[in-house]
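Student: I'm new to this structure and would like a close look at one small part of it. Could you pick a single spot and walk me through its surroundings?

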Amino acid sequence: MIEEPGTIGVRERPALEPRSGEVVIRPAYCGVCGTDLELLRGEVDLAFVRYPLTVGHEWSGTVESVGAGVENVQPADRCVAECIVPCGRCAFCKAGATNVCEVYDELGFTREGGASDQVLVPARLVHRLEPGTSLLDAALIEPSSVVLRALEKAAPKSGDRVLVVGDGTIGLLAAYLVGLWSPAAVTMVGQRPEQARLADSVGVTRFETDAAPADAFDLAIEAAGVPEAVVTAVTAVRRGGAVVLLGLPPTGRTLELPADLLVNNDLTIAASFGYTSAAWGRMVALVNAGRVQPGRIVTHRFPLEDHAQAFAALSGLEETRGKILLEIGGEGG
């Protein structure tokens, strides 16, 4: 729990009981990411967070108990749950844009998240996993859904030359999942040469640490979350090319771009926030079918009580680092 910015620790809480339409899930794995660091530092816009909070918006687990009226899952089912909680009633939700629901509510930000041995979730957000699906792979359905939704918005084409700016979890997943569209080549611009081997494992054909190559890319995916990365992405695509922005810079950061470049190069620039319920469902189907195994980018696992080491690894720069997980119940749920 983060009681307030700057303080984090494990706390004992009362056991959870599901009410009508609710499910209690026992997490197996819970990821930690750069946004969790920003939550700890107090850098997330207060419109999107309520302290104190239990972190964790990337997790998988096993159904422990269900409330009255729940029919989509039952106890012992392996599952994942959407963390964005759409109201289902506003114009955005009715149009399928559940990621921009008029009422912002999300596990790990405004509701108790998955870094716990119990999580209470509305049953409508729970998705059952096939018996053979790895809970480790499933723990990455959340960031994978974020990437999938952005890629679908960018509409890659077979044979595209793709640039990914950023070598963290989102960048690695973007390079991996864009492979579903059969690109000609995927280049990654990262910060640390230690990430090159991990990048190669997800299909990156060229890894650079200085600046984007002089190639003119068909699609650039910004996944670093800093304004400088946006500039790199926008200036790297060919005329008529596309840019999709996935990274979330700290609140209030600004960027400067040559305005004439955007028009003269006839660029398509799209930003993508979170995931829709539909994108989440498609990602679950891909993982259940074995078409993608996002757990391949996991490099660190820590018990819940070693959360301080997990956050230290998240901040470290001295080694290869992919996804960092807190291991709570493991594959047994």
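Tutor: Let's start with one side chain: that of serine 60, which reaches the backbone oxygen of leucine 135 at 2.6 Å. Keep in mind that this is a predicted model, and that the distance of 2.6 Å is computed from it.

Where does this serine sit? Serine 60 belongs to strand β4, which covers residues 59–66. Its relative accessibility is 0%, so serine 60 counts as buried; the cut-off for that word is under 20%.

Now for the company around it. If you skip the neighbours within four places in sequence, serine 60 is in contact with Arg26, Pro27, Ala28 and Tyr29, with Cys79 and Val80, and with Leu135, Ala138 and Ala139. Leu135 is on that list, and you've already met leucine 135 as the residue whose backbone oxygen the serine side chain reaches.

Cys79 and Val80 take us next door, to strand β5, made of residues 78–81. As a general point, strands of a sheet pair through backbone hydrogen bonds, in either a parallel or an antiparallel way. Here β4 and β5 take the antiparallel option, over two bridges. To find the match-up by eye, look at glycine 61: its bridge partner in β5 is cysteine 79. Cysteine 79 is therefore a residue to click on twice, since serine 60 touches Cys79 and glycine 61 is bridged to cysteine 79.

Stay with β5 for a moment and look at its two faces. Arg78 and Val80 are on one side, Cys79 and Ala81 are on the other, and all of them are buried. In other words, both faces of β5 are covered.

From β5 you can step across to strand β7, residues 126–128. The pairing of β5 with β7 is antiparallel as well, this time over three bridges. Valine 80 stands opposite histidine 127 in β7, and Val80 is also among the contacts of serine 60.

So here's the route to trace on screen. Begin at serine 60 in β4, follow its side chain to the backbone oxygen of leucine 135, move over to cysteine 79 in β5, the bridge partner of glycine 61, and finish at histidine 127 in β7, opposite valine 80.

Note on methods
Residues numbered from 1 in each chain as written. Predicted model: local features only at pLDDT ≥ 70, side-chain atom pairs only at ≥ 80, totals over all residues. Heavy atoms only, no water. Helix = DSSP H or I, 4+ residues; strand = E, 2+ residues; numbered from the N terminus. Buried < 20%, exposed > 50% of the residue type's maximum accessible area, 1.4 Å probe, protein only. Polar contact = N/O pair within 3.5 Å; in protein donor to acceptor, adjacent residues only side chain to side chain. Contact = heavy atoms within 4.5 Å. Pairing = 2+ DSSP bridges.
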